[in-house]
Amino acid sequence: RNYQQDRPLTKSAIVIGGGLVGSLCVSLLAQRGYKVTLFEKRGDIRKLESANGRSINLALSHRGRQALKLIGIEDEALSHSISMKGRLLHNINGHTKSVIYDPVSNQCIYSIGRNYLNRALLDVAEKDPNVRLCFHHKLTDVDFQTGFITLKSIKSGEILQTTADLIIGADGAFSSLRSFMQKTALFNFSQNFIDHGYLELCIPPERGGKLHPNHLHIWPRRELMMIALPNLDNSWTVTLFMPFKKFESIRNSENLLHFFNDIFPDALPLIGETELKNFYFSNKPSALVSIKCNRYDMNGKFLIIGDAAHAMVPFYGQGMNAGFEDCFLLNEILNETRDDVGRTTVLFTKKRQIEANAICDLAMYNYEEMRDLVTKPSFVIRKLLDTYLAKIFPRIWIPLYNSVSFSHMPYSKCIENKHWQNQILYATFSLLILVMATLVVLLRAI
Ligand code: FAD
């Protein structure tokens with residue numbers, strides 16, 4: 001644990017948002033000796049039977065794990081998850097092919113329940129005497145000059161004004177704290193909704209055993225795709241990603257069954273026709289957004305992290321992992337500045353902004369890879385080459401997916417790596433073609 005036991009409790013912090021990132025951040029700050037208050041607008045999800053929201057399960061990888069380790073729950077989280085050692089690609093005829101993520105050292109990503117993880121993080125936070133959890137409290141106003149924020153109790157309507165040495169917005173993609181930052185001069189922000197949405201379906205436990213275990217299943221269909229991640233109870237959470245126009249064009253049960261029979265014939269009996277109709281027509285597809293900001297800090301006290309700072313489309317499975325890495329980095333910078341909060345917030349933007357933009361771009365790129373490129377021979381050849389070269393030069397040749405998911409290499413460096421690897425491969429192939437062409441000319445001349 002990262003306990004600063006000899007540190008006197010002289011600093012205070014407020015975290016807005018008790019989602020995955022906010023509840024982890026609270027524990028990290030409390031371990032440092034900060035008196036931390038968490039304000040969350042919803043109720044305590046630990047008291048709810050089932051919490052509504054986005055994806056039911058998530059892929060946890062190295063960056064997320066290293067932050068969980070800091071608060072001592074990495075092993076517990078892994079024991080509540082299912083390892084996924086590769087992608088299992090389903091073609092339209094129902095044939096499958098396994099593509100292992102890391103054939104050289106067998107590293108895996110892990111499917112973990114969002115609600116389980118959020119609850120576990122809140123449990124850890126609550127056990128720390130430095131933490132106060134306030135549910136049903138919504139951030140409604142921010143005064144950057146005085147450093148005071150205003151919260152409203154959803155239950156009683158009571159208004160509360162408060163401040164702290166450090167105020168962190170971990171309040172998600174549509175962050176309230178960020179919306180106040182957006183109104184200040186020189187704060188740049190971009191928000192891109194892609195024209196594809198997603199809908200969650202389910203393969204129930206009784207049929208879950210029919211899917212090959214320990215894989216992330218993908219049904220890549222060029223313009224659209226479906227994926228399935230395993231749950232501990234043997235069920236699978238299935239997510240259908242496709243253009244909103246396509247969702248709109250499927251208007252009745254007949255359209256829907258026809259579409260699934262044509263496009264995902266092997267998945268239909270696993271989901272079940274009746275269940276599919278129920279899921280599909282009782283839920284609306286959700287939108288996917290990518291958000292970038294030119295800074296995350298304000299006035300030496302305020303900071304946004306997680307989706308509030310850099311929401312991304314989910315195709316690299318990195319949104320939560322990157323948010324957890326924000327907490328890890330924040331902790332490191334606080335170590336570096338010896339808890340000089342003002343310098344920390346500025347340094348956080350400086351160190352994180354390029355990296356967050358890089359993973360937002362990579363996540364966008366990976367949608368194309370998952371729904372289309374994985375089916376192409378060039379992808380298979382590249383994967384073979386990557387595996388072969390990674391075996392020979394394990395320290396130098398780290399394939400893009402591995403550097404993103406199995407290391408803490410800065411995201412921008414992962415992209416740089418991929419560029420020079422591409423250049424080397426293109427140069428080698430060009431040289432080979434040149435040598436072969438020269439040989440042919442010479443042989444003909446003889
Ligand atoms: P959130 O989870 O959105 O939490 C924000 C919290 O702030 C909420 O509890 C909210 O109630 C609260 N809040 C909001 N406004 C206020 C306010 N005004 N006052 C007080 N509280 C407030 N990531 C991965 O790493 N791996 C994956 O496999 C993966 N799969 C995904 C699949 C899908 C379909 C989607 C949509 C996302 C996926 N992600 C994945 C991304 C991941 O879900 C997010 O990056 C992560 O949830 C961000 O956590 P957060 O705490 O920053 O925000």
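Okay, one definition before anything else: a residue counts as buried here if 20 or more other C-beta atoms lie within 10 Å of its own, and as exposed if 12 or fewer do. Keep that in mind, and remember that what you're looking at is a predicted model.

So, helix α12. It covers residues 319–336, and 14 of its 18 residues are buried, so the helix is largely enclosed by the rest of the structure. I also checked its length. Why do we expect 26 Å for this helix? Well, that's what 18 residues should span at 1.5 Å a residue, and the end C-alpha atoms sit 25 Å apart, which agrees.

Now, the ligand. There are 33 residues around it, and the ones that come nearest are Gly 17, Gly 19, Gly 172, Gly 306 and Gly 319. As for elements giving two or more residues to that shell, we have α1 (20–32), β3 (57–60), β9 (137–143), α11 (307–310) and our friend α12. Which of them gives the largest share? That's α12, with four residues. By residue type, the shell splits into twelve nonpolar, 14 polar and seven charged.

Let's zoom out for a second. The domain assignment gives us three pieces. Domain 1 is built from 12–82, 110–191 and 289–368, domain 2 is 193–287, and domain 3 is 376–445. Between the C-alpha centres of domains 2 and 3 you've got 35 Å.

On to the inside. In soluble globular proteins, nonpolar side chains tend to be buried together. Here the largest nonpolar core has 110 residues. The members touching the most other members are Val 15, Leu 24, Cys 25, Ile 168, Ile 305, Cys 327 and Ile 359. Take Val 15: leaving out residues up to four places away in sequence, its contacts are Gly 22, Cys 25, Val 26, Val 36, Leu 38, Ile 168 and Ala 170.

Next, some backbone oddities. Most residues other than glycine have a negative phi. Arg 338 goes the other way, with a positive phi near 50°. Arg 338 follows α12, in the loop that leads to α13 (341–371). Is Arg 338 buried or exposed? Only 9 other C-beta atoms lie within 10 Å, so Arg 338 is exposed.

Leu 186 is another one, with phi near 70°. You'll find Leu 186 in the loop between α5 and β13. With 6 other C-beta atoms within 10 Å, Leu 186 is exposed too.

Stay in that loop, between α5 (176–181) and β13 (189–203), because Asn 188 is there as well. Asn 188 has 9 C-beta neighbours inside 10 Å, so that one counts as exposed. Apart from residues up to four places away in sequence, Asn 188 touches Cys 293 and Asn 294. Now compare Asn 234: it's 46 residues from Asn 188 along the chain, and the two C-alpha atoms are separated by 45 Å.

Last stop, Leu 256, in helix α8 (residues 253–263). Leu 256 has 18 C-beta neighbours inside 10 Å, so it counts as partly exposed. Setting aside residues up to four places away in sequence, Leu 256 touches Ile 250, Leu 276, Lys 277 and Tyr 280. Where is Leu 276 relative to Leu 256? They're 20 residues apart in sequence, and 8.5 Å apart in space, C-alpha to C-alpha.

That's my tour, thanks.

Definitions and conventions. Residues are numbered from 1 along each chain as its sequence is written. This is a predicted model: local features need pLDDT of at least 70, side-chain atom pairs count only at pLDDT 80 or more; totals for chains, interfaces and linings use all residues. Domain bounds come from an automatic or database domain assignment. The expected span of a helix is 1.5 Å times one less than its number of residues. A residue is near a molecule or strand if its C-beta atom, placed from the backbone, lies within 6 Å of it. Ala, Val, Leu, Ile, Met, Phe, Trp, Tyr, Cys and Pro count as nonpolar, Asp, Glu, Lys and Arg as charged, and the others, Gly among them, as polar. A nonpolar core is a set of buried Ala, Val, Leu, Ile, Met, Phe, Trp, Tyr and Cys residues joined through C-beta atoms within 7 Å. Two residues are in contact if their C-beta atoms, placed from the backbone, lie within 7 Å.
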